[in-house]
Amino acid sequence: MRFSLLFLITAVAAWDDVILSPPADKTGDPAVLYFAQGADIRTDQYTSILADLQEKVDFPLWVGIPQCPANVAAIPFGLKNGIERVGKSMVEQGMPEPSKTFFSGHSLGGAMMPDYVADNVADTADAMVLLGSFITRKYKTGKTEEGRPQVEFPVPTLTVGGELDGLCRVSRITEALYTQITFHEDPEGAKDVMPVVVIEGMNHMQFASGEPPSFVKNNDIKSELEEEEAHLAVVSDVSAFLNGIYSGTPSEVIRNRVEESTKFVKPITDALLIEGYEQFLPPCFCETEDEYGGLQYGTCESTPTCNGGVRWTGEYSQKIMAGLDTEEAVAGLKINAVDSIHLVTEEKPSCHLPHIHGNEEDNANPGAGDTPPLCESPSGCILEVTTVTQPIYENSGEVDIWRAHFSVPWIDTGYLPITANELKTKIKSRQAIWEAAGLKNVSYVETDGFPKDGGSGDRCGEINQAAIDWALSMLPEKSRERYEQYGQKLTVGPDIGTCAAGPCWIWDPLRFKKDNDANVVNVQSVGFPSENKNKYPCGEGKLLPCSAGFHYCKLLSPARALEWMMVDGLKNVLGLNK
């Protein structure tokens, strides 16, 4: 690149601001781009990629990169004052009145830029470009006529993410794509005004050049692209978007890139949907009357505004617990299981519990002796079951190293995993299912006991293994090959018991034990089974939950497993600092 001949790069005496004048051969009305630096990344480390952008766009583009105090854009007034300062400098150096004004940023600079634009230049900005950053959740302020949440931002915005970005993870970029485009009231129109694209094989630092600062080096993932190749991909996307804004004709290139990216992240999207991801739709937490006139066993149905249950629990966990695909004893048995999201600590207006429906008695344990089984035998039997799940999320602002490092605890950064840390799941035990299906003399110890106590298997662990297998099968081919060769493998350990009381299980977390030397992480569930027999008078009317025939599990979300395989599980071997 011919910086010395084609571009004027100016460092102000008190600030390391960078100004790039347009290439001499560009004609037409000029435009200007203000760019916010990433935390601890020098302004001159963006010279290469932004000079390439100037060459690629169809019009004369001035670029101003203001240095923020301590190279941190989050310091109050630093970005605002810097943009004003560099704007004046560009005018002094001959920049005419721009016909279009664009704003952009990378990493923390990108995280801060939406607020700057919305608060200061919403009426005059023509477009915004976010690199390794995104429009934060605070802008999910709109609703469709039916009440579905919508992202709203006053300026057309392109979001560009890297598949191997270790600080702005691809799962968070997937959330942006889904909420801004797929979930939009007008998805086709959203491709023009809020497009989101992913560059495969690219990491966080490749939106800039040179030596990464220590925080990036310690948290980013090694790229599979050369710097020039990565810059070319970024510039291709950004120039197509800006050319469309400048000309007033939406870019077909960007529309195609959005479709490509949507296809690429579909496994992540599907995993988040089957988890019941709260940032797609919040939980309904509804109270629905059951067939007995109470609330314990009612089913919470999804609506356009909220999510009723966790599909993984109903479609997989309950059926695996019952042994449908592995146990000859229940060949021919079918289960229709529907999950509801509830707080597992909830007692008022009711405690919510899993249930096998079809009996007139609300506190019955069909086939256990108090009431007859619902079927004569498993073959041809269909059981209607409801389950309860509470997904637990860490990414709420309280424990994000990224935020703490730069003293910005309120920013939605994409640094932490966005998926559920665990699924607190209440399902019916194998014994309860088998007895309801007509099997006799079912041993609770054998079906649901821990192996150390004579049980035939780790029931919660079997579900966790299924989550890992499901995630691995969903990965894009290249991502799967990368994980299988370099990734820190997820393994499943034996289930762990807890004290014989519900609160113990509620607060006893799913275990993740890393062994970096062996490149594995062991996942252990906390299980809390109960025999299929009510020892005391119980039921909603008696104010004592019928805690029989259950098998509670702290489960690994398949979305967390997939996110681990694509991001966190790569850092032990492929970390930028390795």
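**Exercise 1. Burial and reach of a salt bridge**

Task: In this predicted model, decide whether Asp568 and Arg169 are buried or exposed, and then work out which parts of the chain the pair ties together.

Solution: Begin with burial, where the result is that Asp568 is buried and that Arg169 is buried as well. Next, take the contact itself, since Asp568 and Arg169 form a salt bridge in which the closest N and O atoms are 2.8 Å apart. Finally, place the two residues: Asp568 belongs to the loop between helix 18 (558-566) and helix 19 (571-574), while Arg169 belongs to the loop between strand 8 (157-162) and helix 5 (170-182), so the salt bridge ties together parts that are 399 residues apart in sequence. This pair can be read against the full count for the structure, which holds 28 salt bridges.

**Exercise 2. A salt bridge inside one helix**

Task: Determine in which helix Glu175 and Arg172 lie, and whether these two residues are buried or exposed.

Solution: The two residues form a salt bridge, and the closest N and O atoms of Glu175 and Arg172 are 3.6 Å apart. Looking at the secondary structure, one finds both Glu175 and Arg172 in helix 5, at a spacing of three residues, which is about one turn of the helix. As to the surroundings, Glu175 is buried, and Arg172 is buried too.

**Exercise 3. A salt bridge between two helices**

Task: Find which helices are tied together by the pair Arg430 and Glu462, and classify Arg430 by its accessibility and Glu462 by its own.

Solution: The first step is the contact, a salt bridge between Arg430 and Glu462 with the closest N and O atoms 3.8 Å apart. The second step is to locate the partners: Arg430 is in helix 13 (residues 430-436) and Glu462 is in helix 15 (residues 459-474), so the pair ties together parts that are 32 residues apart in sequence. The third step is the classification, in which Arg430 counts as buried because its relative accessibility is 1%, whereas Glu462, with a relative accessible area of 30%, is partly exposed. As a further step, note that Glu163, Glu224, Lys478 and Arg482 are joined into one network by salt bridges that share partners.

**Exercise 4. A patch of charge**

Task: State which residues gather in a patch of negative charge on the surface, and explain why Glu226 counts as exposed.

Solution: The patch on the surface is made by Glu226, Glu227, Glu228 and Glu229, and its charge is negative. To place one of these residues, follow the chain to the loop between helix 7 (214-219) and helix 8 (227-247), where Glu226 lies. For the explanation, compare its value with the cut-off, which is over 50% for an exposed residue; Glu226 has a relative accessibility of 60% and therefore counts as exposed.

**Exercise 5. Positive phi in two loops**

Task: Establish where Phe77 lies and where Asn519 lies, and then say why Phe77 counts as exposed and why Asn519 is buried.

Solution: Start with Phe77, a residue other than glycine whose phi is positive, near 70 degrees. Phe77 is placed in the loop between strand 3 and helix 3 (78-92), and its relative accessibility of 62% is why Phe77 counts as exposed. Continue with Asn519, which is not a glycine and yet has a positive phi of about 60 degrees. Asn519 is found in the loop between strand 15 (511-515) and strand 16 (520-524), and Asn519 is buried because its relative accessible area is 15%, under the cut-off of 20%.

**Exercise 6. Buried strand residues and the annotated domain**

Task: Work out how many Å separate the C-alpha atoms of Val63 and Thr47, and likewise those of Leu490 and Trp564, and then describe the chain over residues 33-208.

Solution: Val63 sits in strand 3 (residues 61-65) and is buried, with a relative accessible area of 0%. Its C-alpha atom is 9.4 Å from that of Thr47, the two residues being 16 apart in sequence. Leu490 sits in strand 14 (residues 489-492) and counts as buried at 10% relative accessibility; the C-alpha atoms of Leu490 and Trp564 are separated by 8.6 Å, with these positions 74 residues apart along the chain. For the last step, UniProt lists residues 33-208 in an unreviewed entry as "domain: Alpha/beta hydrolase fold-5". Over residues 33-208, the chain is 33% helix and 20% strand, and its end C-alpha atoms are 16 Å apart.

Note on methods
Residues numbered from 1 in each chain as written. Predicted model: local features only at pLDDT ≥ 70, side-chain atom pairs only at ≥ 80, totals over all residues. Heavy atoms only, no water. Patch = residues over 30% accessible without salt bridge, like charges linked within 9 Å, V, L, I, M, F, W, Y side chains within 5 Å. Areas by Shrake-Rupley, 256 points an atom, 1.4 Å probe, with all protein chains shown as cover. Salt bridge = Lys/Arg side-chain N within 4 Å of Asp/Glu carboxyl O. Lys, Arg positive; Asp, Glu negative; His and termini not counted. Charge placed at Lys NZ, Arg CZ, Asp CG, Glu CD. Helix = DSSP H or I, 4+ residues; strand = E, 2+ residues; numbered from the N terminus. Buried < 20%, exposed > 50% of the residue type's maximum accessible area, 1.4 Å probe, protein only. UniProt positions renumbered as here; feature names shortened; annotations may be inferred.
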